[in-house]
Amino acid sequence: MFLKQKSTGHMVEVLALTDLFNPFSLSISGRYNHGEEAQDPEDFNKDDLIFLSGESLPCCWTDSHYRDDELRR
């Protein structure tokens, strides 16, 4: 899966989708998509990533407390 880094606008290949979907994980392992050769893996903060369309990541991927209000009812 590819995402875009907000701060640079570069495309990032996500290497571990489980980290992306896990709201308790603050960063993901990925690599920039530059040129023909695969780049070295790096850690990317999920707060700095968006979909290629410019849409933000879903709250259930980034906020571990996104349903706390429902539990209180």
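1. In this predicted model, strand β1 (residues 2-5) and strand β5 (residues 49-50) run antiparallel to each other and are joined by 2 bridges. Within this pairing, glutamine 5 has leucine 49 of β5 as its bridge partner.

2. Strand β1 also pairs with β2, again in the antiparallel sense, and here 3 bridges link the two. Lysine 4 is placed opposite methionine 11 of β2. The hairpin that β1 and β2 form has 5 residues between the strands, and in it glycine 9 adopts a positive phi near 80 degrees.

3. The two faces of β1 can be told apart by their cover, since Leu3 and Gln5 lie on the covered face, whereas Phe2 and Lys4 lie on the uncovered one. In a regular strand, side chains point alternately to one face of the sheet and the other.

4. Strand β2 (residues 11-14) is in turn connected to β3 through 3 bridges, with the two strands running antiparallel. In this pair, valine 14 faces glycine 30 of β3.

5. On its covered face, strand β3 (residues 27-32) carries Ile28, Gly30 and Tyr32, while Ser27, Ser29 and Arg31 make up the uncovered face. The glycine of that covered set, Gly30, is worth following into the next pairing, where glycine 30 stands across from glutamate 42 of β4.

6. Strand β4 (residues 42-45) pairs with β3 in the antiparallel sense, and 4 bridges hold this pairing. Glycine 30 therefore deserves a look from both sides when the model is inspected, with valine 14 opposite it in one pairing and glutamate 42 opposite it in the other.

Definitions and conventions. Residues are numbered from 1 along each chain as its sequence is written. This is a predicted model: local features need pLDDT of at least 70, side-chain atom pairs count only at pLDDT 80 or more; totals for chains, interfaces and linings use all residues. Side-chain values use heavy atoms; hydrogens and water are left out. Buried means under 20% relative accessible area, exposed over 50%, partly exposed in between (1.4 Å probe, protein chains only). Two strands pair if DSSP finds at least two bridges between them.
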